[in-house]
Amino acid sequence: MVTGRQEVAAPPDPRPCAGQLPDLSGLDLTALRGIAHPVLAEVIEGLVERVTHPSEILNAFDSGVA
């Protein structure tokens with residue numbers, strides 16, 4: 001198999017932010033769920049899923065070190 005030098009295109013310039021990002025630190029989960037934004041809704045859904053159905057139970061962790 002012969003490989004040649006591949007030309008890699010430069011990544012596009014990032015788009016500038018239209019304005020300041022909102023400060024969401026003062027909102028609780030109920031208020032955040034009321035914001036109609038598809039990415040935020042997906043993130044919150046994932047967090048709720050991780051809390052209600054954890055894949056790992058850390059309180060039963062035993063490292064075996066005595």
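Of the 66 residues of the chain, 5% count as buried, where buried means under 20% relative accessible area, exposed over 50%, and partly exposed in between (1.4 Å probe, protein chains only). This is a predicted model, in which local features need pLDDT of at least 70 and side-chain atom pairs count only at pLDDT 80 or more, while totals for chains, interfaces and linings use all residues. Residues are numbered from 1 along each chain as its sequence is written, and side-chain values use heavy atoms, with hydrogens and water left out.

The chain exposes about 7,000 Å², an accessible area from the Shrake-Rupley method with a 1.4 Å probe, for which, in the case of residues, only the protein chains shown count as cover. Carbon and sulfur atoms supply 58% of the exposed area. The secondary structure consists of two helices and zero strands; these are DSSP runs numbered from the N terminus, with helices (H or I) of at least four residues and strands (E) of at least two.

Three residues may be set side by side.

| Residue | Place | Relative accessible area |
|---|---|---|
| Asp23 | segment before α1 (29-33) | 64%, exposed |
| Leu24 | segment before α1 | 35%, partly exposed |
| His53 | segment after α2 (38-52) | 54%, exposed |

Asp23 counts as exposed because its relative accessible area is 64%. Its side chain is joined to that of Ser25 by a polar contact of 2.7 Å. Such a contact is a pair of N or O atoms within 3.5 Å; within protein, one must be able to donate a hydrogen and the other to accept it, and residues adjacent in sequence count only if both atoms are side-chain atoms. The side chain of His53 makes a polar contact of 3.0 Å with the side chain of Thr52.

Leu24 touches Leu32 and Ile35, leaving aside residues up to four places away in sequence; contact means heavy atoms within 4.5 Å. Leu24 also forms a nonpolar surface patch with Leu27 and Ile35, and together they have about 210 Å² of accessible area.

Conventions:
Patches are made of residues with over 30% relative accessible area and no salt bridge: like charges are joined within 9 Å, nonpolar side chains (Val, Leu, Ile, Met, Phe, Trp, Tyr) within 5 Å. A salt bridge is a side-chain nitrogen of Lys or Arg within 4 Å of a carboxyl oxygen of Asp or Glu.
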